[in-house]
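User: I am new to this structure and would be grateful for a close look at its nonpolar core. Please also place that core within the chain as a whole.

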Amino acid sequence: MGGRKCKMRHFRVCLPFYRRRPYSGLSGPGIAIPDSVEMNAAWRQDKLREFCKEKGIYVAAWSPLGANGALWGSLAVMESPILKDIATNTGNTIAQVALRWIIEQGAIPIVRSFNKERMKQNLKIFDWKLSESDLEKIKEIPQFRAFGGERFVADHGPYKTIDQLWD
Ligand SMILES: NC(=O)c1ccc[n+]([C@@H]2O[C@H](COP(=O)([O-])OP(=O)(O)OC[C@H]3O[C@@H](n4cnc5c(N)ncnc54)[C@H](OP(=O)(O)O)[C@@H]3O)[C@@H](O)[C@H]2O)c1
């Protein structure tokens, strides 16, 4: 469940069909979801994540680094001055800070790299923590949905405006 157009309305419809089961490696009961949503420090998905937390649904985050290089991608994450400062102060890279922030939110980052060194780097996020003040700074990052979904909006379709699509 989930994906580009996933919204709370869809979760409410599908929830009764999901079986609660523990997710290995993560604490507490949860519902396995075979898909994911756009989520990163520059598109936090606060509302959806709050809903998922209430319902015991784990969120998987695609484009955790902002998908630089993809059609919908941007540099909102990888060139964030806030993430850059935190990276410098903690001796990590921006990518590591961005990925660590996701796991600290209880979500599962689905990061992509074709570069062996960056793959290794992206895994070094499990033995350190962001400080409370860093987490507060990350909340100040301007929010920007990279995947707009305009192609799903049409006068003759179920979603006539962007707001309807993402509601
Ligand atoms: N379900 C859906 O609708 C959906 C939508 C979008 C994406 N996805 C999936 O989500 C995964 C995430 O991919 P994504 O492309 O959206 O976004 P992403 O992981 O946010 O960004 C990938 C980009 O970041 C670069 N990168 C990776 N690690 C890095 C590092 N440590 N330092 C600097 N740059 C780094 C990669 O370049 P290099 O390869 O050169 O390292 C690539 O250009 C993919 O597997 C994708 O298929 C699913």
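Analyst: The account below begins with the chain, turns to the core, and ends with the sheet and two loop residues.

This is a predicted model, in which local features need pLDDT of at least 70 and side-chain atom pairs count only at pLDDT 80 or more, while totals for chains, interfaces and linings use all residues. Residues are numbered from 1 along each chain as its sequence is written.

The chain has seven helices and five strands; helices (H or I, at least four residues) and strands (E, at least two) are DSSP runs, numbered from the N terminus. Along the sequence they follow the pattern α-β-β-β-α-β-α-α-β-α-α-α. Of the 167 residues, 28% count as buried. A residue is buried if 20 or more other C-beta atoms lie within 10 Å of its own, exposed if 12 or fewer, and partly exposed in between, with C-beta atoms placed from the backbone.

In soluble globular proteins, nonpolar side chains tend to be buried together. Here the largest nonpolar core has 29 residues, and A41, V77 and A98 have the most contacts inside it. Such a core is a set of buried Ala, Val, Leu, Ile, Met, Phe, Trp, Tyr and Cys residues joined through C-beta atoms within 7 Å. Two or more residues come from each of β4 (60-62), α3 (81-90) and α4 (94-104), and α4 gives the most, with seven residues.

A41 deserves separate attention. Not counting residues up to four places away in sequence, A41 touches V77, S80, L83, A98, W101, I138 and I141; two residues are in contact if their C-beta atoms, placed from the backbone, lie within 7 Å.

β4 also belongs to an open sheet of three strands, ordered β3-β4-β5 with parallel pairing. Because β3 (37-38) and β5 (108-110) stand at the edges, each with a single partner strand, one side of each is left without a neighbour in the sheet. β4 and β5 pair over three bridges, where pairing requires that DSSP find at least two bridges between two strands. A60 stands opposite I108 in β5.

Two loop residues complete the picture. Most residues other than glycine have a negative phi. A67, in the loop between β4 and α3, has a positive phi of about 55° although it is not a glycine. A67 is buried, with 22 other C-beta atoms within 10 Å. Q45, in the loop between β3 and α2 (46-55), likewise has a positive phi, near 60°. Q45 is partly exposed, with 19 other C-beta atoms within 10 Å.
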